Every structure is written in C-alpha cells, then in structure tokens.
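I sat down today to look at how the inside of this fold is put together. Here are my notes, in the order I looked things up.

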Amino acid sequence: MSSLIDVLVVDDNELQLEFLEHLFASHGLSAHFTADSKNAISIIKKVKPRVILLDIMMPGVDGYTVLKTIREAPELKDIPVIIHTSKSFQVDQRKALRLGANAYLIKPIKGSEIVNEIKKYL
C-alpha cells in the first residue's frame, strides 16, 4: 500500500476499530486500521498516513513508545498524532503532549468530535 491515506488508527480494541471504520467511511475519510502496536512504525512507513489516531494502552508496545519513536524518526516526525485513549488523568495527557502528541482525546468521545479533530490536520 503506497498511496497516501488520511488516517492510520493504532488501537487494540476491535469494537473501537469497527466503530471508527464506519465513522470514517461515512465522512469520506480513507483509513487503515491496525491492532499491532509492535509493528506500528513499519505500518506507518508503509501506508503513509496524513494523521495517526493512537491509543495508549496496548499489549506489547504502548502508545507512548510508538509516539516517541514517531517523533524521533525524521521521515515520520511531522505526521500529526492524536492520542485517543481512556486514560483521563492529567499526568497521562501531559506526558503525551510532552512526547509530541498534537491532541489528546479521552474515550468515549462523540464520533463527530473525532472527525473534527482529524480534519484540523488534513
């Protein structure tokens, strides 16, 4: 897959992925979905998303580690990353923003709010 897509979603929650798939399709956003946080960086390089929607709590490699790796990679560092998580503590939000997240959304959140936040970066 070498064509540019709008959104790459990295989240291990199958129901969340299904919800976002329908949401993005209904708003005309092209998207790629993966629950594989261990291989997220290689997937990002492959699909070339315009925006990344990233969960924090995932098995194997957490979202903080993925975010840090994105920001350290010269070819990826400018891709907007929106954290989309159920972690609602201020300390988590501050950590994500310090690591370079562009936005921090707390689940559950209305679909329209997710789409509006993504469209800010498209």
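I began with the contacts of Leu54, keeping in mind that this is a predicted model. Leaving aside residues up to four places away in sequence, I found that Leu54 touches Val10, Gly63, Val66, Leu67, Val81, Ile82, Ile83 and His84.

Next I looked up the largest nonpolar core, which has 24 residues. Leu54 turned up again: together with Ile44, Ile70 and Ile83, Leu54 touches the most other members. I then asked which elements supply at least two residues each to this core. My list reads β1 (5-10), α2 (40-47), β3 (49-54), α3 (63-72) and β4 (81-85). Of the contributors, α2 gives the most, with 5 residues.

I also noted a second, separate core of 16 residues. Among its members are Leu29, Leu53, Leu105 and Val115.

Then I turned to β1. Is this strand mostly covered or open? I counted 6 of its 6 residues as buried, so to my eye "mostly covered" is the right entry, with buried meaning under 20% relative accessible area.

For the neighbours of β1, I checked the pairing. β1 and β3 run parallel and share 5 bridges, and Val9 stands opposite Leu53 of β3. I met Leu53 earlier, in the second core. β1 is also joined to β2 (residues 31-34), again in the parallel sense, by 4 bridges. There, Val10 has Thr34 as its bridge partner.

Last, I followed the chain from β1 to β2: the path goes through helix α1 (residues 14-26), and this β-α-β crossover is right-handed.

Conventions
Residues are numbered from 1 along each chain as its sequence is written. This is a predicted model: local features need pLDDT of at least 70, side-chain atom pairs count only at pLDDT 80 or more; totals for chains, interfaces and linings use all residues. Side-chain values use heavy atoms; hydrogens and water are left out. A nonpolar core is a set of buried Ala, Val, Leu, Ile, Met, Phe, Trp, Tyr and Cys residues joined through side-chain atoms within 4.5 Å. Buried means under 20% relative accessible area, exposed over 50%, partly exposed in between (1.4 Å probe, protein chains only). Contact means heavy atoms within 4.5 Å. Two strands pair if DSSP finds at least two bridges between them. A crossover is right-handed if, with the strands pointing away from the viewer, the path from the first strand over the helix to the second runs clockwise.
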